Amino acid sequence: MESQYFVGVDIGGTFADCAVIDGASGDVFVGKAPTTPDDYTACFFAALESAARGTGLSLSEMLGRTTRLGHGTTVGTNALVARDGARVGLIATKGHGAAIFIADNASRGAGVPVAQLLHYPSSYALRPFVARADVREINERLDRDGDVVVELDEDGVVAAAESLIESGVESLAVCFLWSFVNRMHEQRALELIRERFPDVPVCVSSDIAAHIGEYPRMATTILNAYISPKMRSYATEIDTRVRDLGLRSPLMFMQADGGLATVDEIIRRPIDTLNSGPVGGVRAAAEYAGVAGDESVITTDVGGTTLDVSVITDGSVTLANSTMWQQHVLMLNHVDVQSVGAGGGSVAWIEATSNTLRVGPHSVGADPGPACYGRGNTLPSVTDADVVLGFLDPERFFGGQLQLDRDLAEAAIQTVAEPLGLSVEQAAAAIHQVADAKMSDLMRSMTVRQGIDPRRYAVYGFGGGGGTHASVYAQSLGCKEVIIPRADIASVWSALGISVADLTQSFRRPVLLREPFDVQLAAQQLGELERRAKEYVERIGAHAEDIEIRRHAACKYGMQVFEVVADIPPGEITPDSLARMSADFERRYATTFGEDAGYRQAGIVITAFSVDIIGRVAKPQFESAETQYRDAAASKRRSDRQVYWREFGSRRDTAVWDGEQFEVGDRIAGPAIAEYPHTTLVIRPGMEMRVDGLGSLRIAVPDTGVDTK
Amino acid sequence: MSQYSERIRSLREGYLPPSELDVPASLALHRAGDEDVDAVTYEVLRSRLWSINLDHQEIIRRMSGSGVTVYADDFNTAIATETGEGVVFGPSMQFFAGCADAVIAWTIEHRAETVGIRPGDVFIQDDPWVGTNHAMDTAAYAPVFVDGRLFCWVYNVVHQQDLGGVEPGGFVQQASDTFWEPTVFPPTKLIDQGVWRDDVVDAWIRRSRIPEMCQLEVKSQVAGLRFAAAAIERINSEYGPETLKGVMRRMITTTEKAVKNRIRSIPDGTWRDERYIAGALPEDRGLYKLVLSVRKAGDTLTFSNEGTDPSTGAFNTTAPVWRAAILNAAMPLLAYDQYLCGAGVLRCMEFEPSYGSITTARWPAAVGTSLGTILAVTQAQHLINKLISSVPEMARNIIGASAVHTQAYTQVFGTHANGEAYANFPFDCGGGGTGAFAFRDGIHHGGGIISTRLKLGNVEEWEQAIPFLYLYRREVLGGGGHGKWRGGTSLVSAWTGHKLREGFISSGGLLQSVTQGHGISGGYPGSGGAFWSALDTSIRDAFDSGVLPGTPEELRAIAPHGGLAPSKKFNNRLGESDLFEMKPSFGAGHGDPLERDLELIWEDVRDGQLSSTHAREIYGAVVDAESVDHDASSELRLATRRRRLEIAARRPAETSARVEETNDQGVTETVALAVLDGTEVLACVGCGQVLCGRRDNYRDGCAWVHTALNELDPDLFTSTVNQVDVEMVLRQYVCPSCARLIDTDICPADDPAYQDVALVESSEREMSEAMAAVGAEPVRSPRASSAT
């Protein structure tokens, strides 16, 4: 039987990555192509071609055998960053079109760094994606029950759309109050506009973000409309070409929630791709951790400007439903990935009043890059510290493609060393220590304060800087092990995650049911959602998918605000099934917020029902070899070099290993350096690294390290 | 030992921590701290403390799940040294954290010996005279010990939803003394060496109408404390307590040093703000005076409220809260880069309260409405703005009067259609713009400084809880105060009752016609907003005919009989045919509008942020749909200046003296120091016109232009005679030569001009400089003094 392939393509800022997994053998083929920002379709296909070469097949042959083609795109995100999306017109309920500008009176501080938050003169209100002149208000009003207070002014809707489109608007967003309870007015407006202007994208808020809260719902809908035309043309073009090339399964796009969606869905809701970039990596980590037997994992991705962290508990990624984007609050189901401004390019500087060292949040960026790149920047960064300390070999950086200048790195570090009265090496070690501490603080926040004990988690390290910093922040949190998964495929890790992700789709309906629940009403509303879900499954055709349907209720205690999603047992809705749902809610609330945190006396309130579809694909198998550990052969060792270890306070001759030569079962003791083309692994004194049966690098982290003083 | 008489005195007067705490011998303090900690450890631990404090907030949010905490952010956390000095505050309600040191110091002085302060203890308190805004604002705090010595404190304050008092929620607008309000608890031990005291828990929650919720709030506070204490203990075991204490001390001294450097650059003298407020009680038409002065000498600021009217009605605050309010204003203006280290700022300040006045009320005055606290913050913000306006570099940090400067309340209560009672507090009254800055416009809907985030909540969220409909929540385009730089605008919301048996809404808070949104350096005031109401309207007919009145104009068209809502009435009817509208405070302007860039004015007109009439009359700009006419505008601006002098209500005696050059050191942004014939004088920055001698009142050397407030813009400003007995005017102090706007007051027309800046004689200044040069600091306490 011929091989079936799982293919993922992830387009990042510098490279388009492609991972192709042979479903039977678990072999992974890697493809890469430089990113082509003027036309992302070019690098999409170039990366596919590049991977196809590895399989020994033509692109067409490979696609013909592809069970799953998943794609993570930043087309939408880029349009929002560059602000070159469509001109959006907003149609809103009379009296409420300004919700996007008022923005809950809090956009000044929404998601901004604390220094800006505390200095009012350097902070600003959000910069909206719709102009005040492009807002039209319509006579129509529903109340909280969805009852009509004022009928929809249909002529007004048409006139508003006409005047907006005549004035040059390219895409429309419709957001009426309470539309998430009763879609009637929005759907009618949609029909009226479509009849008249079939080619203009129209996004209605009850489709995009069916949640209570007109401001974030409106914001999400406007941003969706803003990127809609770009995404539509991009997705359509890719879809047409891959079909022409012979793909028989549906093309899927990565969503921020870690699941895949069909082309139709992604054209309707392109906002779901926002920030889906880091999610592929988290998805891959979750899948991989399952195979490797690491049940609970903190994933860390050290990039050029930030550290991105997410938490996987017992195999499940952590989801959140609200996020900030350029000071907008959005309703978006997404994998909770949090960032702190500490990466390779983070700038080290001296805070004058206290004469102390700070690192970040500013970054030197990819261009000109750190001082050691020799492109004119003279500010010291974490990467310069890496060079000075000897962690990075100036000759072999980025597989030798980029020659680093150690003198420039030293000169840059000298600017902070001098005021602190430190040697250049001490200052470089200090920059590391401060950056590592910022990383640990974020990870501590994401675990300890959520009631999670990080000591039972392993740390997965990705990104160019993961191997350099992970063992330090892991130790600071008390984590026992650092894992750098499969160094050979680490550079397409995100694409790998995309290729094996499940299809997900959620159907949601806000309700307001208080105890004792109205069983008949609950059954009716859930039934409606299930009907829509089943229609969807039929529409997409369940290619190779094992479709699972789950029912949930978002519940909270009366007088409290936090919701927790509880499972509704399968089968008929009865007083007993709702009682079991309530019990599940209470258990989850206690787990999440602490025992006795619930205000039980106020009763349970159901705020929404949801029916979630998960279309699972049979996952490729990764075989773990039986492993006997032994010291790595000396032949894999490159010449030693002098590395500054802050544990010793001095430079030491340190073994440097060629990571590409490691084999399953190899073991080396720190202090040591293992070099790969795109990353460098630092094994600190007192630590030991092993190559496990899957080919991943595992560093055992001692309980109390020299670092914790 | 805590003397009964001293303890009771502090609870009657209001407590300010003394420079040296009276610490009983039985309480061993951990004093040792290695301030020479290396730069890296300092930064690592400074960042960790900040992070612990934020996590402490998150624990409270998650566990309490209360809307007041989660949506309104009406709480805060702090880490303090062994004697209570605030090392780091959270970014939520700022004046909460400023009370922390007073509360901890009081506890050490008056509880250590008899009640005891031991490992595992937790205290709780809500006594405004010890240090909390009102009884709902509950402080919970715990000592952290190292080897039997008191190392530091972790602290939080949460606005608990109900702790009794005659009105649900405790904001008793009609309170004439504190006995109308929730009963207060001075510091009380809640947990004794790890064991909850059920007697105290029961006593605490027994006052509440929602005791279970109250208990949950208390538990969330304790959970937060335990988290923070454990995190501190972990640092101590990793780094050693001397190191952490050294970092704490250095954080404080770093902030102290930064703020003192800034203060030193200001000329020595006394700055003063006098203003009028109204709204002590329902139906009260009285006008009351609020005074705040600051004496700047060397690197110290000494604040006094002498001259403030005696406490009255329901809008007072206590001395420790007055002090916290001043700290609240000083942090964003003088210490914006110091990550909310309150103690460092307090070390640069002294306080001389005049006890028994509105801002430093004695027990048993009513202090439950928060109005006194917010007034104190607003006044301190204005005063410190003026103080730093003397130094151009620091003037860039000015924040004009912002959201909630003239606090109003719209509490609602009534009965749902199903017969269930409801009571709630939509936060639209907390919305508003940020005032203008010295170099750019303010921020529309940007909030104010009492908290770094003043959220409103969504219309749908409020409608879900309250049986009413928002007819609109709109921007008031161009509502911010005029000036060279304009204040941020605010919103306007209107409601009608919906699906209810009966409903009511309050027109509570300060009387908005007497705005507290004073402009800076000649900038125009921001409106205090207004209530409007109409009963028995045809709104339902409008709905039935398919029309939603979605603008203030349309609402007034269907209810021409509507008008200004009664002052401070707690039960304005809001049934299905009734209408109620509220506008909260608007950001104030900065500088003379005649100096605003003409292109910006054209953009304002184009974007609907300014009418072409106001462009002409206030800005002297001739604008049409296409462009702004620069030549015609120049002429109009000259004519407008001439007219200011023609219509002046008062002009100074003729003077032609003018200086060629002024000192770099300003007195304010608009008044400079200069030398004329060997004598130091104050002169107009615009033209060099001499206004007065160095120590005199420059306002007496100005022309005064009076304008009734509602003439500025009848849509935004209400005539004060509708609410108080006196007509108030905007008084503009104008250069008698170039007619530049120099400063403003809002006062009765016949008021004299108080002296807002009084510089010390240069000889005195030189002497103090000479003393500083030889290192002879004036003798003073490192912390607040408890004067009088």
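How many bridges join β16(B) to strand β22 (residues 579–583) of chain B, and in which sense do the two run? I looked this up in what is a predicted model, and I found 3 bridges, with the strands running antiparallel. As an example of the register, Ser493(B) stands opposite Met582(B) in β22(B).

**Entry on β16(B).** I then turned to the other pairing of this strand, where β15 (residues 468–475) of chain B and β16(B) pair in the antiparallel sense over 7 bridges, and I noted that Arg474(B) has Val492(B) as its bridge partner in β16(B). I next asked how the side chains are placed: Leu491(B), Ser493(B), Trp495(B) and Gly497(B) point one way, while Val492(B), Ala494(B) and Thr496(B) point the other way, and all of them are buried. Because 7 of the 7 residues of β16 (residues 491–497) of chain B are buried, I record the strand as largely enclosed by the rest of the structure.

**Entry on the open sheet.** Still in chain B, I traced an open sheet of 4 strands in the order β14-β13-β17-β21, with antiparallel pairing. Its edges are β14 (421–424) and β21 (572–573), and each has a single partner strand, so one side of each is left without a neighbour in the sheet. For β21(B), I found 2 bridges to strand β17 (residues 500–505) of chain B, running antiparallel, and Ile505(B) stands opposite Asn572(B) in β21(B).

**Entry on α13(A).** I checked the length of helix α13 (residues 406–420) of chain A: at 1.5 Å a residue its 15 residues should span 21 Å, and the end C-alpha atoms are 21 Å apart, which agrees. I also noted a kink of about 35° in α13(A), centred on Gln414(A). At the N-terminal end, Asp405(A) acts as a cap, with a side-chain oxygen 2.9 Å from the backbone nitrogen of Asp407(A), and after the helix comes Gly421(A), whose phi is positive, near 70°. The buried residues of α13(A) are Ala409(A), Ala412(A), Ile413(A), Val416(A), Ala417(A) and Leu420(A). What covers them includes β19 (346–351), β20 (356–363), α12 (382–389) and α14 (424–447) of chain A, together with α2 (39–64) of chain B.

**Entry on the cores.** Finally I looked up the largest nonpolar core, which has 181 residues, and those with the most contacts inside it are Leu49(B), Tyr155(B) and Phe303(B). Helix α10 (residues 319–334) of chain B gives the largest share of this core, 12 residues. I also logged a second, separate core of 67 residues, which includes Met252(A), Ile312(A), Ile498(A) and Tyr557(A).

Definitions and conventions: Residues are numbered from 1 along each chain as its sequence is written. Chains are lettered from A and ligands numbered from 1 in the order in which they are written. This is a predicted model: local features need pLDDT of at least 70, side-chain atom pairs count only at pLDDT 80 or more; totals for chains, interfaces and linings use all residues. Side-chain values use heavy atoms; hydrogens and water are left out. A nonpolar core is a set of buried Ala, Val, Leu, Ile, Met, Phe, Trp, Tyr and Cys residues joined through side-chain atoms within 4.5 Å. Buried means under 20% relative accessible area, exposed over 50%, partly exposed in between (1.4 Å probe, protein chains only). The expected span of a helix is 1.5 Å times one less than its number of residues. The bend at a residue is the angle between axes fitted to the seven residues ending there and the seven starting there. Contact means heavy atoms within 4.5 Å. A polar contact is a pair of N or O atoms within 3.5 Å; within protein, one must be able to donate a hydrogen and the other to accept it, and residues adjacent in sequence count only if both atoms are side-chain atoms. Two strands pair if DSSP finds at least two bridges between them.
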